[in-house]
Amino acid sequence: MELKCVGILTSGGDSPGMNAAVRAVTRAAIFNGIEVKGIYRGYKGLITGEIKPFKTENVSNIIQQGGTILKTARCMEFMTIEGRKTAHDRMVQEGIDCLVVIGGDGSLTGARIFASEFNFPIVGIPGTIDNDLYGTDTTIGYDTALNTIMEAVDKIRDTANSHDRLFFIEVMGRDAGFLALNGAIASGAEAAIIPEIATEQDQLAELIENGFRKSKNSSIVLVAESDITGGAMGLAERVKNEYPQYDVRVTILGHIQRGGSPTANDRILASRMGLAAIEALLEDQRNVMIGIQNDQIVYVPFNKAIKNDKPINRELLNVLRTLSI
Ligand code: ADP
């Protein structure tokens, strides 16, 4: 199929590096003689028609910026067939004949449904700090968030060391433990409590029964947000009830994890994936997410990327356990 005009949008939770991806998609398209239209506020802008032609200058000076210049939104209307029909009509009207969606699990689910309903070519780019998409080793924003967590934990450690305390630091992840586990390794924390192994073992009981690090009087534990484990608040509640001898403190890192200038790794990943998305469309690929595996670009069918749970690397559990004695 000859491509004339590609639409680009960012959707769902923002992540550092999305701008680098927007830049890469725009420039790669223009390089290949394809027009670009920027769609604002994710699927919402597709429905309301908040769409603007993009030239190379529109993406100048954004590679280093966190957030997304295209804005992002959650859009309930796109969950309905009527909403998606309006979005399709809008694209036809705008002359957009293919779409690049940068976002997480939810955004790619919407993309998959839309693509099959209207037989519309869509390529996805994994933009989420959670790293929870199957078929790609990492997602855009994950490395930056991990570094932010590491720096925050370093700061908390200074105060933690001045008291005899147990610190639970909750990090994002939406039921994925990648940030918690790797954040714990990178910051030298005592443990990570993650949803992936919650059904196999009571991680809190194990932590307490094994005793904290003997050489230190304070302990830092990274906790992935999760309904399965109860997150940092739920675990602190359990400590108060079951192990009242411990003085427990909770810090929820929250949205600082999403902000900031993307790391070199995220900028490079976003640049590679943005170019790959346009190449995929030119090769007539559709309904695929761009992934990276062993430093090679791969195409992952939407179905696989969304439906499968991405497993945690268990070697990392061992690294953390061994090094925190
Ligand atoms: P993320 O992409 O970060 O996972 P969300 O889960 O909030 O973020 O999804 C972003 C948007 O994607 C939603 O607001 C909605 O517009 C669209 N979306 C998510 N799931 C579906 C679905 N099942 N059907 C249609 N659209 C969906």
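When I say two residues touch, I mean contact in the sense of heavy atoms within 4.5 Å. Okay, with that settled, let's look at T68. Leaving out residues up to four places away in sequence, T68 touches T10, D14, M18 and N19.

Quick housekeeping before I go on. This is a predicted model, so local features need pLDDT of at least 70 and side-chain atom pairs count only at pLDDT 80 or more, while totals for chains, interfaces and linings use all residues. Residues are numbered from 1 along each chain as its sequence is written, and side-chain values use heavy atoms, with hydrogens and water left out.

Back to T68, then. You'll find T68 in the loop between β3 and α3; helices here are DSSP runs of H or I with at least four residues, strands are runs of E with at least two, and both are numbered from the N terminus. Is T68 buried or exposed? T68 has 13% relative accessibility, so it counts as buried. The cut-offs are under 20% relative accessible area for buried, over 50% for exposed and partly exposed in between, using a 1.4 Å probe and protein chains only. The T68 side chain also reaches the backbone nitrogen of L70, at 3.1 Å. That's a polar contact, meaning a pair of N or O atoms within 3.5 Å; within protein, one must be able to donate a hydrogen and the other to accept it, and residues adjacent in sequence count only if both atoms are side-chain atoms.

One of the T68 partners is D14. D14 sits in the loop between β1 and α1, and at 22% relative accessibility it is partly exposed. Besides T68, the contacts of D14 include G67, T72 and R258, again skipping residues up to four places away in sequence.

Now the aromatics. How many aromatic pairs does the structure hold? There are 5. The rule is that rings of Phe, Tyr and Trp (its six-membered ring) pair if their centres lie within 6.5 Å, with planes under 30 degrees apart called stacked, over 60 edge-to-face and the rest tilted. F78 and F114 are a stacked pair, because their ring centres are 5.7 Å apart and their planes are at 25°. This pair joins distant parts of the chain: F78 is in the loop between β3 (51–54) and α3 (81–94), F114 is in helix α4 (residues 105–118), and the two are 36 residues apart. F78 is buried at 4% relative accessible area, and F114 is buried at 1%. F114 pairs with F120 as well, this time edge-to-face, at 5.8 Å centre to centre and 70° between the planes. Put the ring pairs together and you get a cluster of Y43, F78, F114, F118 and F120.

There's another ring to look at, F178, in helix α6 (residues 178–187). The charged end of K310 sits over the F178 ring, 5.2 Å from its centre. For that label, NZ of Lys or CZ of Arg has to be within 6 Å of the ring centre and within 35 degrees of the ring normal. F178 is buried, at 7% relative accessibility.

On to the nonpolar cores. A core here is a set of buried Ala, Val, Leu, Ile, Met, Phe, Trp, Tyr and Cys residues joined through side-chain atoms within 4.5 Å. The largest one has 34 residues, and V6, V100, I102, I125, I278, L281 and I290 have the most contacts inside it. Elements giving two or more residues to this core include β1 (5–10), β4 (98–103) and β10 (288–293). Which element gives the largest share? That's α9, with 8 residues. Take L281: among the residues it touches, beyond four places away in sequence, are L3, V6, C98 and P121. Another core, of 31 residues, lies apart from this one and has F178 among its members, along with L146, I149 and A184.

Last, cysteines. With a disulfide being a pair of cysteine sulfur atoms within 2.5 Å, the count is 0. Why doesn't C98 bond to C5? The C5 sulfur is the closest cysteine sulfur to that of C98, but at 7.4 Å it is too far for a bond. C98 is buried too, at 1% relative accessible area.

And one backbone oddity: D175, which isn't glycine, has a positive phi, near 70°. D175 lies in the loop between β6 (166–171) and α6 and is partly exposed at 39%.
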